[in-house]
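Visitor: I would like a close look at one part of this protein. Please take me through a single strand and what surrounds it.

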Amino acid sequence: MRAYADLHLCPPLDDLANARSMANLLTELETRTVGLVVPPERMVASRAIVDLFKSSGIDVATRLDLKPRSREELLKGLRRFRNRYEVIAVECTVPVVSRVAVRDRRVDIVYFPKHQSRNIFWGNLAKSCRAALEFNMSEMILGPGLETALHRVKREIEAAAETSATVVGSTKASNPLELRSARDIAAILHVFGLPFDAALRAVSSIPLAIVTKNRLRIGKPRPEEGVRILRRSEDGE
């Protein structure tokens with residue numbers, strides 16, 4: 001049986017009633033792993049909401065959404081937080097950030113917000129993309145500018161398919177009304193041009209592999225005192 005994941009949930013961390021409703025619905029939707037957005041300053045305070053999801057049988061991976069405005073800000077965030085989170089995503093709003101984020105192996109996911117006036121993913125950026133390109137359903141189908149947003153999504157999916165870039169489908173849900181089943185997300189990605197098998201993997205094996213890989217890396221033993229690491233291959237830009 002295929003296991004499904006939604007790596008972009010951002011519920012208010014103080015609203016346990018909302019989180020409980022989301023957890024109950026996710027169980028009905030057969031979503032087994034979620035990425036919970038947790039700001040660094042809320043890591044300890046988020047314990048209650050993490051436990052709530054886990055008590056419903058849902059595996060929780062902590063996720064950080066970096067929103068840097070410069071190359072230096074991005075690299076600083078990656079150095080500081082990479083080993084504290086199971087999923088690191090970068091919101092690409094600035095071209096220079098996008099060019100670095102898609103190539104840096106410490107970045108798991110990149111996504112381009114709906115409000116951007118133009119898209120910059122296709123072309124050389126798509127060809128060099130090592131991170132997974134994420135499509136968030138709540139941004140695709142909600143709010144104004146739907147026609148423009150859907151046209152942009154179609155262009156991005158076409159670019160990803162042409163260059164074999166990895167795609168992940170998520171909801172970016174903050175409440176139960178914004179949740180979608182993994183199969184619905186896959187169907188939408190397929191309608192916009194992603195091959196059917198790739199669309200299914202975008203909500204199952206690909207996001208699950210991201211979590212597994214990072215848990216293995218985070219779980220590696222730290223070097224003994226006095227041992228200095230000169231280079232980590234997965235940290236290469």
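Guide: Here is a walk along strand β7 and into the loop after it.

This is a predicted model, so local features need pLDDT of at least 70, side-chain atom pairs count only at pLDDT 80 or more, and totals for chains, interfaces and linings use all residues. Residues are numbered from 1 along each chain as its sequence is written, and side-chain values use heavy atoms, with hydrogens and water left out.

First, the setting. The protein chain has 10 helices and seven strands. Both are DSSP runs, numbered from the N terminus: helices are H or I with at least four residues, strands are E with at least two. Of the 237 residues in the chain, 50% are buried. Buried means under 20% relative accessible area, with a 1.4 Å probe and protein chains only.

Now the strand. Strand β7 covers residues 167-170. Val 167 lies in this strand. Val 167 has a relative accessible area of 3%, so it counts as buried. What does Val 167 touch, not counting residues up to four places away in sequence? The list is Leu 133, Phe 135, Ala 160, Leu 189, Leu 194, Ala 202 and Ile 206. Touching here is contact, meaning heavy atoms within 4.5 Å. Another pair shows how the chain folds back: Val 167 and Ala 198 are 31 residues apart in sequence, but 7.8 Å apart in space, C-alpha to C-alpha. Across the chain, 72% of the contacts with a separation of 6 or more join residues 24 or more positions apart.

Move along to Ser 170, also in β7. Ser 170 is buried because its relative accessibility is 0%. Its side chain makes a polar contact of 2.7 Å with the side chain of Glu 134. A polar contact is a pair of N or O atoms within 3.5 Å; within protein, one must be able to donate a hydrogen and the other to accept it, and residues adjacent in sequence count only if both atoms are side-chain atoms. Leaving aside neighbours within four places in sequence, Ser 170 is in contact with several residues, including Asp 6, His 8, Asn 136 and Ile 185.

Next comes Thr 171. This residue sits in the loop between β7 and α8 (182-191). Thr 171 is buried too, because its relative accessible area is 0%. Its side chain joins that of Asp 6 in a polar contact of 2.6 Å. The Thr 171 side chain also reaches the backbone nitrogen of Ala 173 at 3.2 Å. Beyond four places in sequence, the contacts of Thr 171 include Asp 6, Leu 9, Ser 138 and Arg 180.

Go back to Glu 134, the partner of Ser 170. Glu 134 is among the residues that line the largest cavity, as are Phe 135, Asn 136 and Arg 152. The elements giving two or more residues to that lining are β6 (132-136), α6 (137-141) and α7 (146-163). On a 1 Å grid over the protein atoms alone, a cavity is a set of points where a 1.4 Å probe fits but cannot get out; lining residues have an atom within 4 Å of a point. The volume of the largest cavity is about 80 Å³. That volume is the space filled by probe spheres set on the points, which are joined across faces, edges and corners.

Technical notes: 1 Å grid on protein atoms, 1.4 Å probe; cavity = no way out; pocket = protein on both sides within 12 Å on 5 of 7 lines; lining within 4 Å.
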